[in-house]
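Visitor: I would like to learn how to read the features of a model like this one. Could you take me through them step by step?

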Amino acid sequence: MKKSLTAVIVMIFAIFLGFALSYINKSTDISFNRQDIPIRKISEEKRYLLKDYKGRLALFEDNPDKPSVIFKVYTDNLPDMDKFKLREGIYAENYEELLRLIEDYTS
């Protein structure tokens, strides 16, 4: 009886662990697809700011205090030079440059 109860507990734990690992893999996906980013292209004059926000890569458009998009890219995982640049903020002069920067950081 004790062995079967132990076996059931181990099976339940294994199933739970499988679901937990599956969730973790999905939540750390940093794949980049241009169509997934809700960025409004208002004009060629608009400047975009990529910056570290609470340890993640974030895009600031209109409000310098509130990001428009927060990416699933943790800045702690980036090289030191990139961390430094993102703490200061990186401006993209146009939409195409913004997409290039995002692609660089998310790939």
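Guide: Gladly, and let us begin with a single residue. Tyrosine 53 has a relative accessible area of 24%, so it is partly exposed; buried means under 20%, exposed over 50%, and partly exposed in between, with a 1.4 Å probe and protein chains only. This is a predicted model, in which local features need pLDDT of at least 70, side-chain atom pairs count only at pLDDT 80 or more, and totals for chains, interfaces and linings use all residues. Residues are numbered from 1 along each chain as its sequence is written, and side-chain values use heavy atoms, with hydrogens and water left out.

Visitor: Which residue does tyrosine 53 stand opposite?

Guide: Its partner is arginine 56 in β2. Strands (E, at least two residues) and helices (H or I, at least four) are DSSP runs, numbered from the N terminus, and two strands pair if DSSP finds at least two bridges between them. Here strand β1 (residues 48-53) runs antiparallel to β2, with 5 bridges joining them. Their hairpin has 2 residues between the strands, and lysine 54 there takes a positive phi near 55°.

Visitor: How many bridges join β2 to strand β3?

Guide: There are 3, and β2 and β3 (residues 69-74) are also antiparallel. Within that pairing, alanine 58 has isoleucine 70 in β3 as its bridge partner. Strand β2 (residues 56-60) is largely enclosed by the rest of the structure, because 4 of its 5 residues are buried.

Visitor: How is a pair of aromatic rings described?

Guide: By the distance of the centres and the angle of the planes. Rings of Phe, Tyr and Trp (its six-membered ring) pair if their centres lie within 6.5 Å; planes under 30 degrees apart count as stacked, over 60 as edge-to-face and the rest as tilted. This structure holds 2 aromatic pairs. One of them joins tyrosine 53 and phenylalanine 60, edge-to-face at 6.0 Å centre to centre with 75° between the planes. Phenylalanine 60 is buried, at 5% relative accessibility.

Visitor: What sits over the ring of tyrosine 91?

Guide: The charged end of arginine 47 does, 4.2 Å from the ring centre. The criterion is that NZ of Lys or CZ of Arg is within 6 Å of the ring centre and within 35 degrees of the ring normal.

Visitor: How many salt bridges does the structure hold?

Guide: It holds 3, each a side-chain nitrogen of Lys or Arg within 4 Å of a carboxyl oxygen of Asp or Glu. Arginine 47 appears again here, meeting glutamate 93 at 3.4 Å, N to O. Glutamate 93 lies in the loop between β4 (90-92) and α3, and arginine 47 in the loop between α1 (2-27) and β1, so the pair ties together parts that are 46 residues apart in sequence. Arginine 47 is partly exposed at 40%, and glutamate 93 is partly exposed at 42%.

Visitor: Where do lysine 83 and aspartate 80 lie?

Guide: Both are in helix α2 (residues 80-88), 3 residues apart, about one turn of the helix. Their side chains meet in a salt bridge of 3.5 Å, N to O, and aspartate 80 is exposed at 61%. In helix α3, aspartate 104 and arginine 100 are 4 residues apart, about one helical turn, and the closest N and O atoms of their salt bridge are 3.3 Å apart.

Visitor: Is threonine 106 buried or exposed?

Guide: Threonine 106 is buried, at 6% relative accessibility, and is found in helix α3 (residues 95-106). Its side chain reaches the backbone oxygen of isoleucine 102 at 2.7 Å.

Methods
Polar contact = N/O pair within 3.5 Å; in protein donor to acceptor, adjacent residues only side chain to side chain.
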